[in-house]
Structures are given as C-alpha cells and as structure tokens.
Amino acid sequence: MMPLPLRRLLWWFAVGNLLVSIFMLPLSLGQHISASNRRRQYDFANDRPEIFYDTRTMTDGREETVYLLKGETESYYFLLEEGGTPLSIVVTPCASNITFVLTNKALASSSEEDDPEDPFSSQMEGQSSVRVEEFKGGGNMVYTTRDARKGIYILSLQAIKTDTTVKLFATTRPESVSLFPEMPVDARIRVTATTRRSIKFSWNPSGNPLELLQPSLEYCVSVNKVMNFQSHCSVLAHLQGDSRPTPPPNSGFGFPWEKSKNRERQRKAKPIKAMSPKRLFYACVGSKTNFTFDKAKPETTYFIDIHVVDKNTNRSSTYVGAVVQTKKRKRRQALLKNEKRKTVSIQKGVRSVSVKLVLTKQVEKGVLELKSCRGVLPFEILYDNKLIHKSEVRRIKIVRMKNLPAGTYILRFKGKRKRKRSVMVFFTESGRYRPPRLPVDYRIKVFNTLTTCTNVTLAWMGSNVKQKYCLYKKELVDNQKVRKHRCSDPGHRSDREKVFCTRFRHRQPSKAVISKTVTGLKPGTNYLFDVYVSRGNSASLVYLNQQVRTKTQC
C-alpha cells in the first residue's frame with residue numbers, strides 16, 4: 001500500500017491527467033499531437049492557471065513561474081506520452097542558486113484492472129525511476145535530448161541560499177521554438193577603459209555578427225558592487241524584490257486543509273527585498289554593443305553583466321560577466337612646515353592619508369607632536385620609501401628624533417572605514433620643545449554653594465611645572481548636546497568665550513589648585529566651561545569640560 005501523501009499527490013496528478021485528457025488530448029495511442037491541438041492545450045493553460053498550481057503539471061511550450069522556500073524540495077511534472085521524440089526542459093532560478101534533479105518515471109500500459117479512483121497510482125506503482133540529469137547553481141539549466149524516454153519527468157528543485165522564484169519551461173519542439181537568444185562565439189565582456197569615475201565596456205553582438213540584431217531582441221546592462229548575475233531573471237529579482245507566493249483564483253479542490261497549507265506557506269516565505277538603486281544599476285540600451293557607466297566611485301570593485309532579452313518571449317541569455325576596479329583617487333599630500341601646526345582629516349571610507357615633511361638640511365634634533373582628535377590612530381613614518389617608525393596616537397604622542405638627514409619624510413595615518421578621523425600634527429627643529437602635562441585628576445570642579453544667579457566659582461588642579469592655563473565659557477541652548485572634541489583648541493575659540501589665561505606652577509602638585517570666579521552670567525542659564533593647558537609652543541590639552549546652570553532666583 002502506498003503512503004497517504006504520495007497517493008494524494010498521485011490523485012491530484014490523476015485529476016490533472018483527466019482534465020488534460022478531456023480538454024487537451026483527444027488523441028489515440030501513437031498519434032502525434034497536431035498543431036491545432038497543441039494550441040488548444042496552450043490556450044487552455046493560459047485561461048486556467050490554477051490547473052498548473054493544483055497539479056504541478058507543465059504544459060508543452062508554456063513557461064511557468066514557481067516559488068521555492070529555502071531548503072524545501074518541491075517537485076513539478078511533465079508528461080511525455082510518446083518516446084523517441086525531442087525534448088528540452090529549461091529551469092532558470094532567480095534570487096538564489098538551486099539544486100535541480102531531473103528524474104524519469106515510466107508509465108505502465110493502461111488496463112482494465114486499473115483503479116478508476118487512482119489511475120496514476122496503478123500506472124506508476126512498481127515502475128522504475130531513472131535519474132536523467134542533475135544541476136546545481138544559477139543561470140539557465142538546460143536538459144536537451146533528441147530521443148526522449150516516455151513517461152513522467154519529475155523536476156525536483158531546492159533553493160540553497162534564500163527563497164526564490166524559478167522559471168520552468170518544457171517543449172517537445174525545440175527546433176521550432178527559440179529557447180534563448182543566440183550567443184556569439186566569444187561571449188565575454190571587454191572593458192576598454194576605466195577611470196576613477198567611469199567604466200567603458202563593449203561586447204560582441206548576439207547571433208551572426210554579419211546580421212543585424214533581430215527587432216525583438218535588446219541588450220540590458222547591469223552594474224553592481226555585490227556579485228555577477230547569471231541570468232536576467234536574477235537581476236530583476238534583486239532590482240524589484242520578490243513577492244510572497246499567492247495561489248491563483250479558483251485554485252484547490254475545496255479541501256479545508258488547503259487554505260491552512262497556503263497560509264502556512266505564506267507565513268514561512270521570506271522573499272528577497274529589492275536592492276537600493278545606489279547598489280544596483282540597470283538599463284536596457286537597445287541594439288548598442290557598448291556602454292559607459294559614469295556613476296562609479298574611485299577604488300571600488302564593480303560586477304558587470306550583459307543580458308540579451310527577447311521581448312516577445314521574455315527569455316534571455318547572459319554574457320560572461322566582468323569584474324573591474326576603478327582607479328585610485330589622486331591624493332595630494334599635505335605639506336607639513338616647521339613650527340606650523342596642521343590638522344589632517346581622514347574621511348569616512350578612506351584607508352589612509354599621508355602628510356609630507358621636507359627637510360632641506362640635516363636636523364640634529366627634531367620633535368614630532370601628534371594629537372588624536374578621536375580614538376586611537378595608527379601611524380608610520382617613511383624615509384626614502386623605507387619604514388623608520390611605527391606607532392599609534394592615544395590622545396597625544398611625542399616622537400623625538402635625532403640626526404635626521406635631509407630629504408622627504410612621509411607621515412601616513414591609517415583611518416577606519418566606518419568613521420571619520422582627524423589628527424593635529426606639529427614638527428619643530430628646536431630641541432627645547434616641552435609637552436604640556438595634565439594632572440592625574442583633570443576634572444573641573446564647581447563650588448555649588450558659591451553659585452549665584454550671575455556668578456560661578458570653578459577650580460582645577462595644576463602642576464609643579466610652569467604652564468599656561470586658559471578658561472573658556474560657552475552659553476548653551478536648552479537641550480543642546482555637548483560633543484567632546486579633543487582637537488578643540490584655544491585658537492579655534494572666539495575671543496568672546498575667553499574668560500582668562502594665567503601661567504601657574506606649585507612646588508607641591510597636591511596643592512597646585514587654581515580657582516576662578518566667573519562673573520556677569522545670566523540667571524537660569526546653562527554654561528559649558530573648558531580649561532586648556534599648554535607649554536611653550538606645544539599643542540593644548542583640554543580638561544574634562546564642566547556644565548553649570550546658574551540660579552534662577554537669588
């Protein structure tokens with residue numbers, strides 16, 4: 001006794017066969033199907049799409065589109081009642097690669113002992129199955145033979161990466177049906193020129209190079225930064241996205257479990273979403289055999305595909321894809337001058353930025369000061385294309401060098417692709433450079449008991465070396481966010497924000513306290529205070545800023 005699911009499937013198949021027999025196959029055994037009967041069969045399938053949905057039985061010469069859930073095997077059928085005839089079966093996956101196994105199941109001769117309620121069961125039971133072909137991947141998967149074995153051809157399909165739609169086509173007249181547009185002998189895409197912003201490419205014409213392109217054919221170009229598409233169907237799936245599987249109207253046999261099965265299938269479906277137009281470029285260019293893509297970005301890899309599409313049948317062929325990288329940006333190296341501070345920015349997505357230092361004579365003692373504005377920043381120094389120093393900047397980095405020969409030095413800073421970075425660079429040939437010092441506790445403290453409507457008293461720790469301390473204030477708007485920026489420097493602040501500057505030191509660091517009462521403030525107002533410390537011609541280091549609100553009523 002056969003298992004219930006298989007018997008149910010065969011029962012559906014029997015119903016489909018019965019419908020085919022009544023409406024499409026008024027033929028006696030051994031007859032060839034006439035052109036008029038083939039036309040009636042095709043028209044009937046067009047008028048009643050639910051027949052394919054319910055029976056999964058393909059019609060000769062008609063393309064069907066099916067939906068596969070990832071990892072689940074689905075089977076579809078094509079009935080060949082006469083052996084020794086030509087047969088072509090084409091499977092084209094769209095959104096995902098698939099596995100495709102083609103099996104032939106022989107049919108026994110009809111007899112009076114067949115079960116009238118399950119005729120396919122009696123015909124298939126006990127008959128041998130032959131694995132005809134197996135495919136795996138994407139693109140057009142084609143099985144063609146001139147001497148096909150009669151029986152039921154079973155197409156077992158499974159999506160590998162994601163859910164996908166798949167196009168199915170079978171015909172017994174491959175000689176009279178154009179399966180695909182004809183490809184040239186050399187179907188490669190030729191990249192003829194690349195710049196930082198554009199890619200030029202060309203391809204050989206479809207079919208006979210001495211003949212004009214058929215009016216029904218056109219070329220379509222796709223360019224993206226993700227992958228090569230093996231079919232036109234795949235491009236459209238990623239361009240437009242797939243839809244959830246929806247049964248056609250009037251489908252099903254009225255069983256209660258059919259609706260719940262369809263709902264469960266829709267619930268499990270995860271169709272791919274459309275790619276952003278910024279990631280996938282697509283255009284049809286008619287009969288042109290060359291194209292210029294002028295929306296490229298520097299130092300970027302692009303995948304190029306050409307598809308020749310038959311507008312009458314919507315079937316297509318795809319050229320061998322090309323992969324090309326655009327040229328690098330022409331980066332001008334910033335010049336670092338002696339005793340001149342320079343801010344170097346590393347934009348988001350840029351791997352590295354270089355700064356050039358030219359010494360016209362030998363320098364006995366040189367000091368390089370680096371101040372990272374955000375996070376840790378790796379850097380290296382090259383002389384005569386040789387690496388002479390490699391380190392990283394954490395807040396501030398001082399590199400002291402001796403006996404530097406004349407020539408060109410390259411300072412290379414490595415950024416991160418996901419965020420912008422910046423660094424302040426300073427070089428001096430003077431050996432008297434002294435970096436500033438921050439105390440262990442570099443907070444700014446507020447005396448809340450001394451805060452009034454117009455006055456605020458602040459204090460912070462100093463050092464046992466003489467340094468310059470500058471206090472700045474900034475009035476904040478309500479709910480204004482405060483951004484901490486280590487490259488903030490007194491030179492970038494307005495004179496109106498400056499409160500005072502003083503030079504200070506104390507022999508005992510534990511008693512090196514600086515205090516200041518700021519007057520002339522507005523009642524009920526938020527203020528942000530910053531303290532900068534510097535020493536000689538060094539860069540300024542900043543204390544942790546402090547936010548204070550004056551009293552509303554006094």
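How many disulfides does a search of the whole structure find? The search finds 4 disulfides, and three of them are followed below, after a look at the chain as a whole, with the reminder that this is a predicted model.

The protein chain has 554 residues, and 43% of them count as buried. Its secondary structure comes to 6 helices and 31 strands. Among the contacts in the chain with a separation of 6 or more, 77% are accounted for by residues that stand 24 or more positions apart. The surface that the chain exposes amounts to about 31000 Å², of which carbon and sulfur atoms supply 48%.

The disulfides offer a way into this arrangement. A disulfide is a covalent bond between the sulfur atoms of two cysteines. In the pair formed by Cys 94 and Cys 233, the sulfur atoms are 1.5 Å apart, which falls within the 2.5 Å that serves as the cut-off for a disulfide. This pair links distant parts of the chain, since Cys 94 belongs to the loop between strand 3 (85–93) and strand 4 (98–105), while Cys 233 belongs to helix 5 (residues 232–240), 139 residues apart. The torsion about the S-S bond of Cys 94 and Cys 233 is about 75°, and the disulfide is therefore right-handed. Buried means a relative accessible area under 20%; Cys 94, with 5%, is therefore buried, and Cys 233, with 12%, counts as buried as well.

A second disulfide joins Cys 453 to Cys 554, with an S to S distance of 1.8 Å. Cys 453 lies in the loop between strand 24 (445–446) and strand 25 (456–461), and Cys 554 lies in the segment after strand 31 (546–549), so this disulfide ties together parts that are 101 residues apart in sequence. Here the torsion about the S-S bond is about 115°, so the disulfide between Cys 453 and Cys 554 is right-handed. The two ends of the bond sit in contrasting surroundings as far as accessibility is concerned: Cys 453 is buried, with a relative accessible area of 10%, whereas Cys 554, at 73%, counts as exposed.

The third pair to consider is Cys 470 and Cys 501, which form a disulfide with their sulfur atoms 2.0 Å apart. In this case both cysteines are found in strands, Cys 470 in strand 26 (residues 467–476) and Cys 501 in strand 27 (residues 498–504), and the pair links distant parts of the chain that are 31 residues apart. The disulfide of Cys 470 and Cys 501 is right-handed, because the torsion about its S-S bond is about 115°. Cys 470 is buried, with a relative accessible area of 7%, while Cys 501, at 27%, is partly exposed.

From the disulfides the account turns to the sheets. Which order do the strands of the open sheet of 4 strands follow? The order is 2-7-4-5, and the pairing in this sheet is antiparallel. Strand 2 (73–80) and strand 5 (129–137) are its edge strands, each of them pairing on one side only. From one strand to the next, the twist averages 20°. Strand 4 and strand 5 are paired in the antiparallel sense over 8 bridges, and Lys 105 stands opposite Ser 129 in strand 5.

Strand 4 also leads onward to a further residue, as Leu 107 lies in the loop between strand 4 and helix 4 (119–124). Leu 107 is partly exposed, with a relative accessible area of 22%. The C-alpha atoms of Leu 107 and Gly 151 are separated by 5.3 Å, although these residues are 44 residues apart along the chain.

Another open sheet is formed by 3 strands in the order 9-10-13, and its pairing is antiparallel. Its edge strands, strand 9 (189–194) and strand 13 (290–293), each pair on one side only. When direction is ignored, neighbouring strands of this sheet are turned by 20° against each other on average. Strand 10 (residues 199–203) pairs with strand 13 in the antiparallel sense over 4 bridges, and the bridge partner of Lys 200 in strand 13 is Thr 292.

Technical notes. Residues are numbered from 1 along each chain as its sequence is written. This is a predicted model: local features need pLDDT of at least 70, side-chain atom pairs count only at pLDDT 80 or more; totals for chains, interfaces and linings use all residues. Side-chain values use heavy atoms; hydrogens and water are left out. Helices (H or I, at least four residues) and strands (E, at least two) are DSSP runs, numbered from the N terminus. Buried means under 20% relative accessible area, exposed over 50%, partly exposed in between (1.4 Å probe, protein chains only). Two strands pair if DSSP finds at least two bridges between them. Axes are lines fitted to C-alpha atoms, for helices over the stretch in contact, and angles run from 0 to 180 degrees between N-to-C directions. Contact means heavy atoms within 4.5 Å. Accessible areas come from the Shrake-Rupley method with a 1.4 Å probe; for residues, only the protein chains shown count as cover.
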